[in-house]
2 protein chains.
Amino acid sequence: MPAAPGRPLEFDPDTALTAAMHLFWRKGYENSSMLDLLEAMQISKSSLYQAFGGKQALFERCMTRYGDLMIGQLHDALASAHSGLGFIRQFLESVLDEARGVCEARGCLVMNTANEFARRDPAIAEAVAQGLRRFHGVMLAAVRRAQIEGDIPPDRDAVMLANYLVSSMSGLKTLSKAGADEASLKGTIALVLKALT
Amino acid sequence: MPAAPGRPLEFDPDTALTAAMHLFWRKGYENSSMLDLLEAMQISKSSLYQAFGGKQALFERCMTRYGDLMIGQLHDALASAHSGLGFIRQFLESVLDEARGVCEARGCLVMNTANEFARRDPAIAEAVAQGLRRFHGVMLAAVRRAQIEGDIPPDRDAVMLANYLVSSMSGLKTLSKAGADEASLKGTIALVLKALT
DNA sequence: GGTTAAGTGGACCAAACGGTCCACATTGGT
DNA sequence: ACCAATGTGGACCGTTTGGTCCACTTAACC
């Protein structure tokens, strides 16, 4: 594509979008003020409105971006995992990092958003639903692989098990945010895994 | 206690507090404005500040009130349930009402608060932790009763199972808020129950 | 009935909110 | 060199936020 006339952007939209995503992830939608966003994204208000349209439009793009990043990451992790079940275990155990304080307990943007908005806004509800579907897809692939590998009985309903995993992960993240200790989380993870076989 | 001098209150603090609790429950802390609260509680701003001190103080009292009501309700339900396992099933299945649209999907105040605040505010983090402990206590009693009644093997770690139930319930509520269909929730509930035996 | 203690309504406040607008800067095309 | 097109910084906007203050009302007590 030929270079467009006019002054070029002084920032990388991708980088800025990612920065906004991290802010929303950490603090939620309402709690991330315009000032916070500008500071995190390192752009001026005009640029934000010009490039992203506004706070809510920006947020919706962040949701998509989050899904892209996370699903890609999970897909890679699944592809390089020793086994489907190993991937699932690793996935569940990732909440322990939050509990141990290795990283901030910010949960999952999709679930956080589901909790913050319930279904007040249709556009955001749809973004949440899509995020959920994508996560479910990864879990489904993992379960099916584990069934092929003989770690999960083939007669179990893979779709339901995937639902169960998404739900369980959400519960674990919330518990972690609520300040549950590591032992409780570990015990719960063990029970979740046990339910798969 | 002798009647205090001065003008008497024109509202019932208990009723007002409960109304505030329901608002916070439905809309969260940040999303409930002072105006919303005054309207819901049917009192003037002066009265609110006089009687409850401010928004956050009011919220903390609402958290306690929520715990009192819920734990009382659950305790009664457990006492009058046919079996410990029956109570647990009934408890988990209560999310289906939200999914069916029978009532609004507002989740659980304690878990909602955990998600909204993570551990930003120490006082609120403590309120969340206490709410969690109380819920865990009820679940623990239910599990132990189910063990006595032979529905859950006596060698299972009751404390961990109670943790697992709290986590699972939280996950179900979030999924419900995210717009999951009834069949998914039912399937997940079945898997949760299966993990207990 | 006057005095005192308490409650209430509404005006008022500074700060923060998301959003708009415009003068100016910076580029490519001619 | 000039022009058209685009980006940027900052002033500015009305609204809403949680919170304070005070004049006024209402009751109990002596």
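1. Start with A:Ser46 and the DNA. In this predicted model, a polar atom in the side chain of A:Ser46 sits 2.6 Å from a base oxygen of DNA strand D. A:Ser46 is also listed among the closest residues to that strand, along with A:Glu10, A:Gln50, B:Lys45 and B:Tyr49. So if you have the viewer open, these five residues, from chains A and B, are a handy set to display around strand D.

2. Now the backbone side of the DNA. Chain B has two contacts to phosphate worth a look. A backbone N or O atom of B:Met34 lies 2.7 Å from a phosphate oxygen of DNA strand D. With B:Ser33, the side chain is involved: one of its N or O atoms is 3.5 Å from a phosphate oxygen of strand D.

3. The wider surroundings of the strand. How many residues surround DNA strand D? The count is 24. Of the strand D atoms that come within 4 Å of the protein, sugar and phosphate make up 61%. Sorted by character, the residues of this surface comprise ten nonpolar, nine polar and five charged ones. As for secondary structure, α3 (45–52) of chain A and α3 (45–52) of chain B each contribute at least two residues to the surface near strand D.

4. Away from the DNA, have a look at A:Gln147. This residue belongs to helix α7 of chain A, which spans residues 122–148. Is A:Gln147 buried or exposed? A:Gln147 counts as buried, because its relative accessibility is 14% and the cut-off for buried is under 20%. Its side chain has a polar partner too: a polar atom there lies 3.0 Å from the backbone oxygen of A:Arg156. Leaving aside residues up to four places away in sequence, A:Gln147 touches A:Ile152, A:Pro153, A:Pro154, A:Arg156 and A:Ala158. A:Arg156 therefore turns up twice, as a contact of A:Gln147 and as the owner of that backbone oxygen.

5. Finally, the cysteines. Over all chains, the structure holds zero disulfides. Take A:Cys103: the nearest cysteine sulfur belongs to A:Cys108 and is 13 Å away. A disulfide needs the two sulfur atoms within 2.5 Å, so a pair 13 Å apart does not qualify. B:Cys103 is in no disulfide either, and its nearest cysteine sulfur, that of B:Cys108, is 13 Å away. How accessible are these residues? A:Cys103 counts as partly exposed because its relative accessibility is 38%, and B:Cys103, at 39%, counts as partly exposed as well.

Terms used:
Residues numbered from 1 in each chain as written. Chains lettered and ligands numbered in written order. Predicted model: local features only at pLDDT ≥ 70, side-chain atom pairs only at ≥ 80, totals over all residues. Heavy atoms only, no water. Near = heavy atom within 4 Å. Polar contact = N/O pair within 3.5 Å; in protein donor to acceptor, adjacent residues only side chain to side chain. Helix = DSSP H or I, 4+ residues; strand = E, 2+ residues; numbered from the N terminus. Nonpolar A, V, L, I, M, F, W, Y, C, P; charged D, E, K, R; others polar. Buried < 20%, exposed > 50% of the residue type's maximum accessible area, 1.4 Å probe, protein only. Contact = heavy atoms within 4.5 Å.
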